[in-house]
Amino acid sequence: MRRLRQDWPALALAPAVALLALPVMDLPTWIALTAAGAAMGMMLFLMAAGLTLIFGLMDVLNFAHGAFITLGAYVAASVMGALASWVGADDLARNLAALAVAVLAAAAAAGAAGLVFERGIIRRVYGAHLQQILITVGGMIVAEQLILAAWGAQPVQVGKPVTLRGSFVLAGAAVEKYRLVAVALGLLVFAAMQLTLNRTRIGLLVRAGVENREMVEALGYRIRRLFIGVFVAGTALAGIGGVMWAVYQELVTAAVGADMTILVFIVVIIGGLGSVGGCFAGAVLVGLTTNYIGFLAPKLALGSNIALMVLVLLWRPRGLLPLAR
Amino acid sequence: MSDDVLLRLAGVHTHIGRYHILHGVDLAVREGRLTMLLGRNGAGKTTTLRTVMGMWRASAGLIDFAGAPISGRATPDIARLGIAYVPESMGIFGQLTVRENLLLAAGPAGLHPGRLDGVFAIFPVLREKLHQAAGTLSGGQKQMVAISRAIVEERRLIIVDEPTKGLAPAVIGQLIAAFQALKRQRTTILMVEQNFHMAQALGDDVAVMDDGRVVHTGTMADLADDDALQTRLLGLSLASHQ
């Protein structure tokens, strides 16, 4: 109850922003922008959830996180290309199956790349933030070049499944169908993460490790193995985020991960470093404000997320839902 | 005396960065007894405990547990030998409930109802706090959780670092009663303590450290009876802390 009393203002922030936006635009516009903001928020959550867990548990600042988003996006492009007949079929089941295969393939590829990255590079810089920043920024550059070598320098088209194209009308507002899929997947992943973290022994260990790694080891658990698992899961989630973003944009460039990295870090900082619930709340908040400001004051759109982060940190210096340490 | 030694340190040196903290620690902890590690601030007591747990690596010397060497082993491997560690900071997971804190300490089989009842017999207040976030407890209750984690599973050795630090006298009295209950169960305990009333009430054996070395070993009773020795070793006498 005490926790809820502390957290409710932070949890109410995104709904409050949505309600505040309602009087300054007509209802159909508000519905369309809110749906767009929620979908963007869910995709940002998918991309950022792994980063916040990796920081919270492992104390690793992974500036190469965007590379796993890019990898996921390119894998999506390849899978959707290979499954063109499913993607192009006017059949929801086949369309969703194609998307599911892309999600699974991207998660596997990004997770495998994450394993190699953790074993090869990250484990050498545990506890050293400066080295982590230098080596992961370098890793990001190398990964981007490797992706260019594999997929070429030209932007790659990504097929959006036929039945997920276009919009449907809700109270006079056009809502893109694909955005519903993004919201559903985001909610599903959030629920799965909450269940894993709160109802399983692995989740218990992760939550304990986020608070006090040394004590987890003193209780007899080899936390380094947990580190590897969390890093792989975190990079796999980034890959899934990359798929959803690539299909949404219908075009992939090698810079997609780097472009998203700033937003992803803003989400993680707003939410509170290491906090999955905070990451979710932060992602929805960033998604909504980006869309509202983009409509109301397009010239301010570029800086609105930075301004949002500054305001949130002035109010709550450790983020919306910080972890107790 | 050597036959029933559970933990033995011989000539243990520890460096932390460029600082040389332990300068050849020799220590024997006997099975079924409570060994009190005393000494002034900065004498190396906490470093000794952390070195035993593998949190700092011994740069020289031997650490044997139950006759087998453990120096150089990783902390989780040392803990799995049946050694529980209660750090000075208590190491409570504040976001987790009391039950989850205990569950983590209980190992893969989960919480055994009998052991849990044993914990509640020593710390009855924890029964009603079981589903409360540990971070919301008072300092004394947090220490009870920390000690409960050490005893919720059968251990061969419990290492406790300054359990009374920052606690109110009434809580210290409860902790003394709790450790006396553990002593009746013949639990082997190695404890660092600055509260001399607690040290005298609980200690069977005593080792006094100074400048990274053990400078005196013996029984607590002998030290308690010798004011001159106390003053020489600790700079004060136990009698003045009654």
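Two residues are in contact when heavy atoms of theirs lie within 4.5 Å. The views below show a predicted model, in which local features need pLDDT of at least 70, side-chain atom pairs count only at pLDDT 80 or more, and totals for chains, interfaces and linings use all residues. Residues are numbered from 1 along each chain as its sequence is written, chains are lettered from A in the order in which they are written, and side-chain values use heavy atoms, with hydrogens and water left out.

**View 1. Surroundings of Asp161(B) in strand S7 of chain B.** Strand S7 covers residues 157-161; helices (H or I, at least four residues) and strands (E, at least two) are DSSP runs, numbered from the N terminus. Leaving aside neighbours within four places in sequence, Asp161(B) is in contact with Thr46(B), Leu49(B), Tyr85(B), Val86(B), Pro87(B), Glu88(B) and Val192(B). Asp161(B) has a relative accessible area of 0% and is therefore buried (buried means under 20% relative accessible area, exposed over 50%, partly exposed in between, with a 1.4 Å probe and protein chains only). Ser89(B) is 72 residues from Asp161(B) in sequence, yet their C-alpha atoms are 8.4 Å apart.

**View 2. Helix H8 of chain A and its cover.** Of the eleven residues of H8(A), residues 201-211, nine are buried. Among them are Leu204(A), Arg207(A) and Glu211(A). The cover over the buried residues includes helices H2, H7, H9 and H10 of chain A, together with helix H3 of chain B.

**View 3. The interface of chain B and chain A.** Together the two chains bury about 2000 Å², 56% of it on carbon and sulfur atoms; buried area is the accessible area (1.4 Å probe) that two parts lose on being put together, summed over both. Phe93(B), Gln95(B) and Leu104(B) supply 32% of the area that chain B buries against chain A, more than any other three residues. The contact takes 24 residues from chain B and 21 residues from chain A.

**View 4. Salt bridges across the interface.** A salt bridge is a side-chain nitrogen of Lys or Arg within 4 Å of a carboxyl oxygen of Asp or Glu, and three are found between chain B and chain A. In one of them, Asp77(B) and Arg222(A) bring N and O atoms to 2.6 Å. Asp77(B) counts as buried because its relative accessibility is 18%, whereas Arg222(A), at 30%, is partly exposed.

**View 5. A salt bridge between two strands of chain B.** The side chains of Asp205(B) and Arg30(B) meet at 3.1 Å, N to O. Asp205(B) lies in strand S9 and Arg30(B) in strand S2, so the pair ties together parts that are 175 residues apart in sequence. Both residues are buried.

**View 6. The largest cavity.** About 40 Å³ of space lies in this cavity. On a 1 Å grid over the protein atoms alone, a cavity is a set of points where a 1.4 Å probe fits but cannot get out, and lining residues have an atom within 4 Å of a point. Grid points are joined across faces, edges and corners, and a volume is the space filled by probe spheres set on the points. The lining includes Thr51(B), Trp56(B), Arg57(B) and Ile78(B). By class, the lining has five nonpolar, four polar and two charged residues; Ala, Val, Leu, Ile, Met, Phe, Trp, Tyr, Cys and Pro count as nonpolar, Asp, Glu, Lys and Arg as charged, and the others, Gly among them, as polar.

Notes
On a 1 Å grid over the protein atoms alone, a cavity is a set of points where a 1.4 Å probe fits but cannot get out, and a pocket is an open set with protein on both sides within 12 Å along at least five of seven lines; lining residues have an atom within 4 Å of a point.
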